[in-house]
Amino acid sequence: TELTALTARRQELDRQQEALAQRRRAQDERRRRGDLLRGELVPATEAAALARKQLLRFAGLEGAIAAAEAERGRYQGDRDRHQAHLVVAAELAARSQTLEKYVGLLQELQRQKESREDEHRQLLAAYDPALHQSCRQQRDDLLGRSAAVRQQRLELGRQEERLAAEIANLLRIEAEVAARRAEIGRRQEQEQLVKFLRAQVFTQVSARLSERFREEISRRADLLYRTIAETEEELVWGEGYQVVLRDLVDGQPRERTDDQLSGGQTMSAVVALRLALLQTIGARLAFFDEPTSNLDADRRENLARAFRAIDLGREEVTRHWYDQLFLISHDVAFAEITDQVIEL
């Protein structure tokens, strides 16, 4: 332990000795610099003494400069005027020529003035104040009329534009009227055709429909009726628009006419016949008003499915044939099968 302490003490003394040596070297360096500065100080002192001696010769220079400035200030105004006069003297010849030119022009103007004064006296002698006032009044009247005419012209221009727009609108209306008249003519022709078809197809249908035509309607109506009523009864459209249902009872054939059918059977048969008739005659639009009257719930649903089957063109019912089918009904069964519903 003592050896470690002595070693640490020796290291500390070595550091102190090294620091002391550095200080000694720094002190020697400062001493050397001081000797150099003392060597340089002597010549500098001698040079400063010489400069002071030389400056003594210029001790009164500032006063002399101030006196010279004051002397120059006293004569500066005269000098400036002299320089200006020299410039004017240099321009004297040109100014004399300019003066002669303007004198000539002044004489010419004086002659013109005298001539104009004579003319003015003559005009003044011929001047009539009343006539002048009358002419001024006429001018004011003409200006007022000109403004009124200008305003009228603007108004007429606006009216012309309005009339042009009205004429264009009338021409458009005339074209529309002509188109409507042509449309009316076409519609009248169509109306005559419809009336003819009604007279030929509906009024005289029983007399005109052939047996084959009636059989075709019966065949299509039977297929629809079986779908709506879900029955094995056969629907036949007899003569005189008579609805006939055929079936078997205890193995024996049975026929019942429309006066022997229930309300639901009659309604189902009528709807089926009408659909078949419209398809056969090629109608593209169909209207049905309360087609589910007197039908029970099952038949109403079957009728709705039959309408949808027709719209989809299912072969087991009938092929698609109409463009639009309108159903007027309070029955919600149609709300699920129609494409559009209008509630009133």
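A residue counts as buried when its relative accessible area is under 20%. Keep that cut-off in mind for the views below, which come from a predicted model.

**View 1. T292, a buried residue in a loop.** This close-up is centred on T292, which sits in the loop that links β4 (285–289) to α8. With a relative accessible area of 9%, T292 falls under the 20% limit and is therefore buried. Which residues does T292 touch, once those up to four places away in sequence are set aside? They are R300, L303, S329, D331 and F334.

**View 2. E290, with a positive phi in the loop between β4 and α8.** Here we stay in the loop between β4 and α8, where E290 is found. Its phi is near 55°, a positive value, and E290 is a residue other than glycine. Is E290 buried or partly exposed? At 21% relative accessibility, E290 counts as partly exposed, because the buried class holds only values under 20%.

**View 3. E230, with a positive phi between α6 and β1.** Now we move to the loop between α6 (211–229) and β1 (234–237), where E230 is located. E230 is not a glycine, yet its phi is positive, at about 50°. The relative accessible area of E230 is 58%, so this residue is exposed.

**View 4. Helices α7 and α8 side by side.** This view pairs helix α7 (residues 263–281) with helix α8 (residues 297–312). Their axes come within 12 Å and cross at roughly 5°, which means that α7 is roughly parallel to α8. Which residues meet across the pair? From α7 come G264, Q265, S268, V271 and L275, and from α8 come R299, L303, F307 and I310. L303 may look familiar, since it is also among the residues that T292 touches.

**View 5. A309 in helix α8.** Staying with helix α8, we turn to A309, which has its place there. A309 has a relative accessible area of 1% and is buried. For a sense of distance, the C-alpha atoms of A309 and D296 are separated by 20 Å; the two residues are 13 residues apart along the chain.

**View 6. A nonpolar patch on the surface.** Which residues form the nonpolar patch? F58, L61 and I65 do, and together they have about 290 Å² of accessible area. One of them, I65, lies in helix α2 (residues 61–90). I65 is partly exposed, with a relative accessible area of 46%.

Key. Residues are numbered from 1 along each chain as its sequence is written. This is a predicted model: local features need pLDDT of at least 70, side-chain atom pairs count only at pLDDT 80 or more; totals for chains, interfaces and linings use all residues. Side-chain values use heavy atoms; hydrogens and water are left out. Patches are made of residues with over 30% relative accessible area and no salt bridge: like charges are joined within 9 Å, nonpolar side chains (Val, Leu, Ile, Met, Phe, Trp, Tyr) within 5 Å. Accessible areas come from the Shrake-Rupley method with a 1.4 Å probe; for residues, only the protein chains shown count as cover. A salt bridge is a side-chain nitrogen of Lys or Arg within 4 Å of a carboxyl oxygen of Asp or Glu. Helices (H or I, at least four residues) and strands (E, at least two) are DSSP runs, numbered from the N terminus. Buried means under 20% relative accessible area, exposed over 50%, partly exposed in between (1.4 Å probe, protein chains only). Axes are lines fitted to C-alpha atoms, for helices over the stretch in contact, and angles run from 0 to 180 degrees between N-to-C directions. Angles under 35 degrees count as roughly parallel, over 145 as roughly antiparallel, 65 to 115 as roughly perpendicular and the rest as oblique. Contact means heavy atoms within 4.5 Å.
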